[in-house]
Amino acid sequence: MKKYNFYAVVKSVRQYPSGLLHLILGHDCMPEMLPGQFVEIKVDKAPVLLNRPISIFNRTENELELLVSPIGVATKELCNYKPGEKLGIVGPLGHGFSLGFNSGSKVLLVGGGVGIAPLYYLARKLKENNVDVETIYGSRTAPDKEICAMFEAIAPLHVCTDDGSAGFHGLVTAHPVFSATHDFVQVCGPKPMMRACAKLTADLDIDTEVSLENHMACGIGACLCCVEDTTDGNVCVCKNGPVFNTKKLKWM
């Protein structure tokens with residue numbers, strides 16, 4: 001898929017109670033992008049040299065949506081952008097999630113924290129392909145109702161919280177919906193959570209993909225900051241991923 005370097009106009013900036021930032025960016029003809037791919041954002045207002053890799057939350061013909069956890073200098077500065085201002089975009093980058101399932105296949109999506117971000121676009125695309133999809137959303141405490149509502153408008157959503165303030169009290173891997181009845185599982189979140197999911201799905205004999213969140217700098221495989229050890233040797237997550245089948249990862 002061709003990579004583009006362009007500027008998009010900020011249409012909306014909204015920060016949810018959890019702190020997560022939802023940006024909607026506009027462009028006359030938004031490049032084609034696949035769920036699980038990412039873009040590099042040039043944050044001109046921040047005193048940083050490198051672009052920042054951000055998962056694609058949603059994409060339409062004229063809009064790109066990002067869901068960001070503003071924890072660093074650059075991502076915090078994104079909160080200060082106003083509608084009408086512009087952000088530099090490079091992308092799409094990387095390889096996304098599998099989409100070629102038969103109609104009626106049962107696919108479980110599992111997101112932890114801000115790792116829920118790439119799963120919304122994925123759920124949308126799977127539903128359009130008549131896949132039977134449902135999502136588990138793991139969070140330390142009750143997640144934002146607005147984000148949950150977006151997922152619930154597409155397919156069933158199951159919330160898990162560490163503190164029991166919403167939904168199922170416990171880990172995503174302990175949720176009763178997580179079972180051998182699924183044909184495929186796709187995961188994004190903290191690495192310990194993804195490793196736990198990979199172990200469970202290996203025991204259940206379910207093919208599984210995870211979206212790795214290794215620290216990235218260049219986004220094109222040149223700087224070697226995001227190397228992961230796989231059955232194919234050391235590979236760059238930004239170029240060869242970020243999505244990998246867990247059978248390719250040396251996690252077990």
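Let me begin with one residue: Ile147 is found in helix 3, residues 145–152. Helices here are DSSP runs of H or I of at least four residues, strands are E runs of at least two, and both are numbered from the N terminus. The model is predicted: local features need pLDDT of at least 70, side-chain atom pairs count only at pLDDT 80 or more, and totals for chains, interfaces and linings use all residues. Residues are numbered from 1 along each chain as its sequence is written, and side-chain values use heavy atoms, with hydrogens and water left out.

Is Ile147 buried or exposed? Ile147 counts as buried, at 0% relative accessibility. The cut-offs are under 20% relative accessible area for buried, over 50% for exposed, and partly exposed in between, with a 1.4 Å probe and protein chains only. Which residues does Ile147 touch, leaving aside those up to four places away in sequence? They are Tyr16, Leu20, Leu67 and Tyr137, where contact means heavy atoms within 4.5 Å. Leu20 and Ile147 are 127 residues apart in sequence, yet their C-alpha atoms are 9.7 Å apart in space.

I turn now to the protein as a whole. It has five helices and 16 strands. The radius of gyration is 17 Å, close to the 18 Å that the globule rule gives for 252 residues, so the protein is as compact as a globular protein of that length. That radius is taken over C-alpha atoms, and the rule is 2.2 Å times the number of residues to the power 0.38. Along its principal axes, the C-alpha trace spans about 45 × 40 × 35 Å.

Of the 252 residues, 52% are buried. Among contacts with a separation of 6 or more, 64% are between residues 24 or more positions apart. The exposed area is about 11,400 Å², of which carbon and sulfur atoms supply 51%; areas come from the Shrake-Rupley method with a 1.4 Å probe, and for residues only the protein chains shown count as cover.

Next, the sheets. Strands of a sheet pair through backbone hydrogen bonds, either parallel or antiparallel. Two strands are taken to pair if DSSP finds at least two bridges between them.

One open sheet has seven strands in the order 4-3-7-1-2-6-5, and its pairing is antiparallel. Strand 4 (52–55) and strand 5 (58–59) stand at the edges with a single partner strand each, so one side of each is left without a neighbour in the sheet. Within this sheet, strand 3, residues 38–42, runs antiparallel to strand 7 and is joined to it by four bridges. Phe38 stands opposite Leu93 of strand 7.

Strand 7, residues 86–93, is also the place of Pro92. The peptide bond from Gly91 to Pro92 is cis, with omega near 5 degrees.

A further open sheet of seven strands follows the order 11-10-9-8-12-13-16, and here the pairing is mixed. Its edges are strand 11 (168–169) and strand 16 (243–245); each has a single partner strand, so one side of each is left without a neighbour in the sheet. In what sense do strand 12 and strand 13 pair? Strand 12, residues 184–188, and strand 13, residues 207–211, pair in the parallel sense over five bridges. Val185 has Thr208 of strand 13 as its bridge partner.

The loop between helix 5 (237–240) and strand 16 holds Pro242. The peptide bond from Gly241 to Pro242 is cis, with omega near 5 degrees.

Strands 14 and 15 form a hairpin, joined through two residues. Strand 14, residues 227–230, pairs with strand 15, residues 233–236, in the antiparallel sense over four bridges, and Thr230 stands opposite Gly233. In a regular strand the side chains alternate between the two faces of the sheet. In strand 14, Glu228 and Thr230 make up the covered face, whereas Val227 and Asp229 make up the uncovered one.

Finally, two backbone angles. Asn130 is not a glycine, yet has a positive phi of about 60 degrees. Asn130 lies in the loop between helix 2 (117–128) and strand 9 (132–139), and is exposed, with a relative accessible area of 52%. Asp205, also a residue other than glycine, has a positive phi near 60 degrees. The loop between helix 4 (191–204) and strand 13 contains Asp205, which counts as exposed at 70% relative accessibility.
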